[in-house]
Structures are given as C-alpha cells and as structure tokens.
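This briefing concerns the charged side chains and the backbone of a single chain. Please examine the sequence and the structure shown below before reading the notes that follow.

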Amino acid sequence: MSVRKRIWKSPSGEMKEAWVVDYVDQHGDRHLKTFAKKRDADAHHAIVGAAVHAGTHTAESKSVTVAKAAELWLESCDAAGLERTTVTAYRQHADLHIVPVLGALKLSQLTVPLVRGFEDRLRRDGRSPVMVRKARRSLGALLADAQERGLVAQNVVYSMRKHRRSSRVDGNGKLGIGIDIPTPDEMRAIVAKLPHIPDTARWRPLLLTAIFAGLRASELRGLRWSDVDLRGGELHVRQRADRYGTIGRPKSAAGKRTVPLPPMLVSALREHYLASPKNELDIVFANSRGHIEHRNSIVERGFHPAQVAAGVVNGDGQAKYSGLHSLRHFYASWCINRRVDGGLELPLKLVQARLGHASIQMTADTYGHLFPRSDDGAELAAAERAFLAG
C-alpha cells in the first residue's frame, strides 16, 4: 500500500499533478484512487489501511448505493415469503426514511458517525423515537443483506453500541407501570366498566381475552372457536390474522401454545359463544359480517371507550394507552406477580411459554425487571437469623 505522486502533461501542454493511493484489499484485488491533494490521499491511505487490516474494506467500485441495496433487500424479503404486513412496513421504512436521506450514498461510504447523523436528521424532521429505532433496525437489516451479497464488508449499524438508552419515559429503557403497562387499579376500573361501553356484547369478551390470556392483536383476531376449550378452561393459539385479514401461522414456533383461562373469562366466552352468530371462518371475534375484525375498530370502538369510561385518561381526557399491546404487557406483569404453589411466583420459563416468546431472553429483557427482587432486605435478615441459629 502506497501513496505516490503522479505528474503528466495535458493535451494543451499544461503540467498536471495528483496523488494516487495504490493498495491491495483483503481479497487480493488491487485498487487505485486519485486525489488532488496529498493530505486527502494520506487520510484515505490511513483509513483504507485500517479497514483492510480489519477485513472490513469495500472498494467503491464494488459497492452500490443505499437505494440499490434497499431494492435488493426488499426483493429478498419477498422471495423469503415474509408476511405482507412485514414487507409493507420494511418498504415504508426504506421509501420514506432511509432512501430520502442516504439513498445516493454508496454502502462503502457509510460510517457509524454517519448513521448517528441519519438518526439525528430523522428526529429533526419530526419522526417519533419509535420510528427512528425502526428505521435504524431496517437499515441494519438492509446492510446485513448487502453483506451476504458481497456488496459491503461491514455492517456499521451493528457496530454501534449495544443496548442504547431508550426514549421511554422512565428513562432506563424498561417498560414502566402506569406508563406502558396499566396498573392493577387501572385495569380493575377498565374491567368494571366493560359492561357499560357501547356494543359491550361485542367488545367485553374480546378485551377480557386480551387482558387475561395475553394474546397478540393478530392472535385475538384469528382465534377460532375450535381452538377454545371452555370445558377444559384453556385456549390454543394455532393461527393469527394479519393487518389485511389474511390467516397464517403464529408469529414464531413458540407462538403456537396453550393458554389457561381464569373462570371469569371462561364465563364471558361461554356467553359470547351462545349469543354470537356462527360464521364460515369459525372466528371467535368476527365483525358483524362474519369477517376478521379490523384492529383499529377494536382499539377505537372498544379499548379506548373502555378507558375513558373508567377514567384511565391522559391530561387531554383521551385514552391513556394507545394500543392493545399494553394489555399484553399487563398480562405478563399479572403472570409474574401471581403467587402459586405456596407463595412462589411463576417461573420465567412458564411466563415465556404463556406469552409465546421465541426465547427466554426476550422475556427476560422485556419483563425481567418486573419480577420480585430476590435480595429483599427482609428475606436477607430472615436468612441471616436462620444461619446464625445453626
């Protein structure tokens, strides 16, 4: 690897000079890059030398633009058979957030500081913290796809520091009781008001199932009567309905699970079974036409009115919790803080199974802080007394 000066005479007879960086990359391929100034050539020489040594260099001649890489990534998503809703979301991230800001750059030009600048630009343009995180993750997935194609040697998004501070209100990146998760008092008030909301026969059993079975919105919408065992007091999650009402498999292999039902929910579902008309799809919570219920209808006509009726509102008098996932969060916290077998809380592994998480790490990362502390002072004092007593 070297930096050398090149001097030549132009067709008009004028003497010209430039500085050439001559190097061989980690794959054994030779590359030349010309600069007008020696300091620029020296800077490039240092950067390329470190990248070649680390095995992360990609020559610009072998790279493609971020916009082209986005096209290839989305083609891969389609070819992999990802759900329509997932591909649509990825396409929106690319078309609305990634390509307008980074599309003209080549992958080899991306750096960690540049990605940080990309995030800052999205925030300045009014994107929410949640959308900024989603756009960054999609950019990371785009670069991972490009790596597999040999279009870039490193994924700068994955090089960014792990476990970055979240923008959640509690400031430590964890789900907060009363912020992301309804408190027990709030949930008692909501449950008490369910019989009094408009069209209660339609929404009460659905919302009770979300609260006391912890199903995802897609799993609620796709639940069949054939998967509900009222006599055994349990339901089986075997399918889900996506945003477009298309029935498919659960989110992951772990999503296919059995969930026990408390007596109040069994009673509510039994009443709903007797009162609701049957439909061809055998859907438990079908709409008035016997089709898959739309998620927005559930939230806006059922969940939000229930919160307002219960006084669970924000400063503007609107429903405090925006989506159904807050009910799933409540179910997780309810499972964690239940006492079974003589006062022992539910094991983390069982909570994972009830929620249908793909890994126990996902459950621990999301809800681990809700488990009762095992280093409580009273317990330590009792253990100390028992030890000293021999």
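A network of salt bridges links Arg-4, Asp-22 and Arg-30. The model that contains this network is predicted. The chain as a whole holds 22 salt bridges, and the points below describe several of them together with the surface and the backbone.

**The network around Asp-22**
- Within the network, the side chains of Arg-4 and Asp-22 form a salt bridge with an N to O distance of 2.9 Å.
- This pair joins distant parts of the chain, with Arg-4 in strand β1 (residues 2-9) and Asp-22 in strand β2 (residues 15-24), 18 residues apart.
- The two partners are covered to unlike degrees: Arg-4 is partly exposed at a relative accessible area of 37%, whereas Asp-22 has a relative accessibility of 11% and counts as buried.
- Asp-22 counts as buried because its 11% falls under the 20% limit for that class.

**A salt bridge between a loop and a helix**
- Glu-293 pairs with Arg-202 in a salt bridge whose closest N and O atoms are 2.3 Å apart.
- Glu-293 belongs to the loop between α10 (263-275) and α11 (295-310), while Arg-202 belongs to helix α8 (residues 200-213), so the salt bridge ties together parts that are 91 residues apart in sequence.
- Glu-293 counts as buried, with a relative accessibility of 3%.

**A salt bridge within one helix**
- Lys-68 and Glu-71 also form a salt bridge, and their closest N and O atoms are 3.8 Å apart.
- Both residues lie in helix α2 (residues 66-79), where a spacing of 3 residues corresponds to about one turn of the helix.
- Glu-71 is partly exposed at 45% relative accessibility, and Lys-68 is likewise partly exposed, at 37%.

**A positive patch on the surface**
- Lys-134, Arg-137, Arg-243 and Arg-295 form a positive surface patch.
- Of these residues, Lys-134 is located in helix α5 (residues 129-148).
- Lys-134 has a relative accessible area of 34% and is therefore partly exposed.

**Positive phi angles in loops**
- Most residues other than glycine have a negative phi.
- Asp-199 is not a glycine, yet its phi is positive, at about 55°.
- The position of Asp-199 is in the loop between α7 (184-193) and α8, and at 42% relative accessibility this residue counts as partly exposed.
- Asp-282, also not a glycine, has a positive phi of about 65°.
- The loop between α10 and α11 contains Asp-282, which is partly exposed at 26% relative accessibility.
- The loop between α10 and α11 thus holds Asp-282 as well as Glu-293, the partner of Arg-202.

**The chain as a whole**
- The secondary structure comprises 15 helices and 10 strands.
- The chain has 390 residues, of which 41% count as buried.
- Among contacts with a separation of 6 or more, 56% are between residues 24 or more positions apart.
- The exposed area of the chain is about 21,300 Å², and carbon and sulfur atoms supply 52% of this area.

Methods:
Residues are numbered from 1 along each chain as its sequence is written. This is a predicted model: local features need pLDDT of at least 70, side-chain atom pairs count only at pLDDT 80 or more; totals for chains, interfaces and linings use all residues. Side-chain values use heavy atoms; hydrogens and water are left out. Patches are made of residues with over 30% relative accessible area and no salt bridge: like charges are joined within 9 Å, nonpolar side chains (Val, Leu, Ile, Met, Phe, Trp, Tyr) within 5 Å. Accessible areas come from the Shrake-Rupley method with a 1.4 Å probe; for residues, only the protein chains shown count as cover. A salt bridge is a side-chain nitrogen of Lys or Arg within 4 Å of a carboxyl oxygen of Asp or Glu. Lys and Arg count as positive and Asp and Glu as negative; His and the chain ends are not counted. The place of a charge is taken as NZ of Lys, CZ of Arg, CG of Asp or CD of Glu. Helices (H or I, at least four residues) and strands (E, at least two) are DSSP runs, numbered from the N terminus. Buried means under 20% relative accessible area, exposed over 50%, partly exposed in between (1.4 Å probe, protein chains only). Contact means heavy atoms within 4.5 Å.
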